[in-house]
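Visitor: I would like to go through this model with someone who can explain how its parts fit together. Could we take it step by step?

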Amino acid sequence: MDTSAYLASHIRTVPDWPAPGVQFRDITPLLQDPRVFRVLIDTFVHRYMDPSRKPSVVAGLDARGFIIGSVLAYELGVGFVPIRKKGKLPFTTVEETYELEYGSATVELHTDAVRAGDRVVLIDDLIATGGTMMAGRRLLEKLGAEVIEGAAIVDLPELGGSQKLKASGLPLFTLLHFAGH
């Protein structure tokens, strides 16, 4: 079995959650089994160990991006930066608001989280509409960092987020693609 199929076999699909018609892709089984979690992390580590792709910082999006991003940063020997939901960071922040299907949300980053010229991999568990990753990218770029790639475990291409992110010029790396929502 190849790596993608192995990882996909450990993602639970929960029908009709959080709303009727939604097929929720639950990554917690990937995290619960230490062997599967190691395969997941090693896949990202091997990609970003390549000198042409190695970041100086990994930024993780609240909240599941923290899990993958912090372990990836540790394995690469680089720093980790959390991009949090508004009101969760204690120091001076910059913020970015983005649109959701119904309403809007805001994410924040400490003003000293990255420096001009830092090469950043921006990571989350899943790309749906792309709004959170786009907002995270804008925050990092406000502080002068270069987002060299967006990364996620799962892409839901039918929701258009990955296409929107690529159209904006952001290279993307995702491990799995699931049809439907």
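The questions below turn first to the sheet and then to the pocket.

Visitor: In what order do the strands of the open sheet lie, and which are the edge strands?

Guide: This is a predicted model, and in it seven strands form an open sheet with mixed pairing, in the order β5-β6-β4-β3-β7-β8-β9. Neighbouring strands of this sheet are turned by 20° against each other on average, with direction ignored. Two of the strands pair on one side only, and these edge strands are β5 and β9 (172-177).

Visitor: How many bridges join β7 to β8, and how many join β8 to β9?

Guide: Strand β8 covers residues 146-155 and runs parallel to β9, and β7 and β8 also run parallel. In the pairing with β7, L126 stands opposite V154 of β8, while on the β9 side A152 stands opposite T174. The bridges between β7 and β8 number eight, and those between β8 and β9 number five.

Visitor: Is β8 largely enclosed or not, and how many of its residues are buried?

Guide: Buried here means a relative accessible area under 20%. Helix α3 (residues 34-49) packs on the sheet, touching β7, β8 and β9, and its direction makes about 155° with that of β8. Strand β8 is largely enclosed by the rest of the structure, because the count of its buried residues is nine of 10.

Visitor: Is L156 buried or exposed?

Guide: L156 lies in the loop between β8 and α6 (161-167). Its C-alpha is 17 Å in space from that of L170, and the two are 14 residues apart in sequence. With the limit for burial set at under 20%, the relative accessible area of 5% means that L156 is buried.

Visitor: Which element gives the most to the lining of the largest pocket?

Guide: The largest pocket has a volume of about 1100 Å³ and is lined by 31 residues, with F24, R64, L126, A128 and T129 nearest its centre. At least two lining residues come from each of β2 (23-26), β5 (93-100), β6 (103-110), β7 (119-127) and α5 (131-142). Of these elements, α5 also lies across strands of the sheet, among them β5, to which it runs at about 155°. The element that gives the most, with four residues, is β7.

Visitor: By class, how many residues of the lining are nonpolar, polar and charged?

Guide: The lining of the largest pocket comprises 31 residues. Sorted by class, seven are polar and seven are charged, and the nonpolar residues number 17.

Methods
Residues are numbered from 1 along each chain as its sequence is written. This is a predicted model: local features need pLDDT of at least 70, side-chain atom pairs count only at pLDDT 80 or more; totals for chains, interfaces and linings use all residues. Side-chain values use heavy atoms; hydrogens and water are left out. On a 1 Å grid over the protein atoms alone, a cavity is a set of points where a 1.4 Å probe fits but cannot get out, and a pocket is an open set with protein on both sides within 12 Å along at least five of seven lines; lining residues have an atom within 4 Å of a point. Grid points are joined across faces, edges and corners, and a volume is the space filled by probe spheres set on the points. Ala, Val, Leu, Ile, Met, Phe, Trp, Tyr, Cys and Pro count as nonpolar, Asp, Glu, Lys and Arg as charged, and the others, Gly among them, as polar. Two strands pair if DSSP finds at least two bridges between them. Axes are lines fitted to C-alpha atoms, for helices over the stretch in contact, and angles run from 0 to 180 degrees between N-to-C directions. Contact means heavy atoms within 4.5 Å. Buried means under 20% relative accessible area, exposed over 50%, partly exposed in between (1.4 Å probe, protein chains only).
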